[in-house]
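Trainee: I'd like to learn how the labels people put on a structure are earned. Can we go through a few of them together?

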Amino acid sequence: MNILLIGFMGCGKTSLGKKLAKKMDAKFIDLDKVLEKEEQMSVPKIFELKGEPYFREIESQWLSKFKGKDTIISLGGGTPCYHENMELINTIGSSVYLKMDASLLTDRLYNSIQKRPLIEEFKRDKVALSTKIESMLAEREPFYAKANITFEASNVSSSKLDCLVELIAY
Ligand code: S3P
């Protein structure tokens, strides 16, 4: 069964996904990385040259290709919020929402903003970034809330991760 990790940009889907894969002895895939390889360019470049609607289209197409696999998959922050993706996510595996509050997300994203086209314009204004994250998070929460499991993703220790593994297996 697939495990699909969802949550806002910067909540740690990729790093937690890798740790989880190690603990569960499973394969790990990062959807953004798959798209970058397919398109032969970075996510910001796809946004710039082909536009967000194109990105959302290929994101959704690739998601459906994971049906029937046994993989831990970290999705993009926006993946569950477009097309019918959240329904698809819950059909192809068990979904885990990595929940983190807006202020911690702001701190984390302020240091890695370059890689993220949707918030790049706020790279010199942390207050504006924080406002943007709060409003995007409010829009996206209803989608994230449809996950099978919600996991508080700040300060994830090894034992906290063991709890998540148990929750998934249950
Ligand atoms: C996006 C999140 C990004 C990436 C793209 C769009 C979003 O992934 O898919 O920049 O809409 O939140 P991360 O959540 O891994 O940063």
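Mentor: Let's take the labels one by one, bearing in mind that this is a predicted model.

Trainee: Why is Arg-56 called buried?

Mentor: Buried means under 20% relative accessible area. Arg-56 comes out at 5%, so it counts as buried. You'll find Arg-56 in helix 4, which covers residues 52-64.

Trainee: What makes the pair Arg-56 and Glu-59 a polar contact?

Mentor: The cut-off is a pair of N or O atoms within 3.5 Å. The side chains of Arg-56 and Glu-59 come to 3.0 Å, and so the pair makes a polar contact. Arg-56 also touches residues over four places away in sequence, including Phe-47, Tyr-82 and Arg-140.

Trainee: Which residues are closest to the ligand?

Mentor: Of the 14 residues that surround the ligand, the closest are Lys-13, Asp-32, Arg-56, Gly-77 and Arg-140. Helix 3 (43-50) and helix 4 each give at least two residues to that shell.

Trainee: How do you know that Lys-13 and Gly-77 have N or O atoms within polar reach of the ligand's oxygen atoms?

Mentor: Use that 3.5 Å limit again. A side-chain N or O atom of Lys-13 is 2.8 Å from a ligand oxygen, and for Gly-77 a backbone N or O atom lies 2.8 Å from one. Arg-116 has a side-chain N or O atom at 2.9 Å from a ligand oxygen. Those values are within the limit, so they qualify.

Trainee: How much of the ligand does the protein cover?

Mentor: On its own the ligand has 390 Å² of accessible area, and the protein covers 94% of that. The ligand sits in the largest pocket.

Key:
Residues numbered from 1 in each chain as written. Predicted model: local features only at pLDDT ≥ 70, side-chain atom pairs only at ≥ 80, totals over all residues. Heavy atoms only, no water. Helix = DSSP H or I, 4+ residues; strand = E, 2+ residues; numbered from the N terminus. Buried < 20%, exposed > 50% of the residue type's maximum accessible area, 1.4 Å probe, protein only. Polar contact = N/O pair within 3.5 Å; in protein donor to acceptor, adjacent residues only side chain to side chain. Contact = heavy atoms within 4.5 Å. Near = heavy atom within 4 Å. Areas by Shrake-Rupley, 256 points an atom, 1.4 Å probe, with all protein chains shown as cover. 1 Å grid on protein atoms, 1.4 Å probe; cavity = no way out; pocket = protein on both sides within 12 Å on 5 of 7 lines; lining within 4 Å. Sits in = over half its atoms within 2 Å of the grid points.
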